[in-house]
Amino acid sequence: MLRIAVPNKGSLSEPASRMLAEAGYRQRRESRELVLVDEDNDVEFFYIRPRDVAVYVGAGTVDVGITGRDLLVDSQANAIEHRGLGFARATFRFAAPGGEHVTIADLAGKRIATSYDSLVSSYLADRGIEASVVHLDGAVESSVRLGIADAIADVVETGSTLRAAGMSVFGDPLLRSEAILIRNADQEVGHDLEILDGRLEGVIMARNYVLMDYDIQRDRLERAVMLTPGYQSPTVSPLHDEDWVAVRAMVERKKMNAVMDDLHDVGARGILVTPILTSRI
């Protein structure tokens, strides 16, 4: 039975459970549930703190887990990234009081507040910068105003929280993070993990692509196919009117409206878009 660690709270929890449900796995109905056995799929889910997922996976207590790339790097656990999951994207940045012109080099000798001690310390050490890392478990935005730090390092999604605290980011991102599937660094990929991975890949593809159907005159087919090359190749079927064909192709969801506009311009008609629930590529 495959043992999977899932975040029990925070910004990763709900989207992780939703993705697993879309992949065909049972998920808990109440937040108080800490363990759930899905006998039909031969897996067992453990709902634990997001920061602890990498620790359990690295120790071999569970086989795989879902966590953030930032949390994996900071944990220094014996676990590796297996697949990016495409949600909870964020950047890890330095920030200081707004209006100050600060560079990474200016952090030498300064106090930096963060909840990610290992990640920040390693980043600074790799660049030969000696600074004092102040560990805080909660929000770090107020640490400068309260006088315990000169700058902060934290995950930034929209930046609105930092701006509200009078802070501005500076320098290059320390890390670009997203939700990831992780596994133990010493264990080989087994059949159970291959099944899970294939299902998650199918959900990711379904979220990023749609099916587009349309009719086009044969003499305009090549122009239309250039707009909809599909994932491998589009399906082209004859119609009762021999001068026309029907085309079906996968199209990136974010581009579908622009593609529909272009198809209509080259003569396509009856253009329909259908969502994909899941897939196997």
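Buried means a relative accessible area under 20%, exposed means over 50%, and partly exposed covers what lies in between (1.4 Å probe, protein chains only). The model is predicted, with local features requiring pLDDT of at least 70 and side-chain atom pairs counted only at pLDDT 80 or more, while totals for chains, interfaces and linings use all residues. Residues are numbered from 1 along each chain as its sequence is written, and side-chain values use heavy atoms, leaving out hydrogens and water.

**View 1. The whole protein, with 8 helices and 15 strands.** Helices (H or I, at least four residues) and strands (E, at least two) are DSSP runs numbered from the N terminus. The C-alpha trace spans about 75 × 50 × 35 Å along its principal axes. The radius of gyration is 24 Å, against near 19 Å for a compact globule of 281 residues; the value is taken over C-alpha atoms, and the globule rule is 2.2 Å times the number of residues to the power 0.38. Of the 281 residues, 44% count as buried. With contact meaning heavy atoms within 4.5 Å, 69% of the contacts between residues at least 6 apart in sequence join residues at least 24 apart.

**View 2. The ring pair of Tyr209 and Tyr231.** Rings of Phe, Tyr and Trp (its six-membered ring) pair if their centres lie within 6.5 Å; planes under 30 degrees apart count as stacked, over 60 as edge-to-face and the rest as tilted. A search of the whole structure gives 5 aromatic pairs. In the pair of Tyr209 and Tyr231, the ring centres are 6.1 Å apart and the planes stand at 85°, so the arrangement is edge-to-face. Tyr209 belongs to strand 12 (residues 209–217), and Tyr231 to the loop between helix 7 (221–227) and strand 13 (235–238), so the pair ties together parts 22 residues apart in sequence. Tyr209 has a relative accessible area of 18% and is therefore buried, whereas Tyr231, at 40%, is partly exposed.

**View 3. The aromatic cluster of Phe94, Tyr123 and Phe170.** These residues, two Phe and one Tyr, form one cluster.

**View 4. Ser132 and its surroundings in strand 8.** Strand 8 covers residues 132–135 and includes Ser132. The relative accessibility of Ser132 is 38%, so Ser132 counts as partly exposed. Leaving aside residues up to four places away in sequence, Ser132 touches Lys110, Arg111 and Ile112. Ala113 is 19 residues from Ser132 along the chain, and their C-alpha atoms are separated by 8.6 Å.
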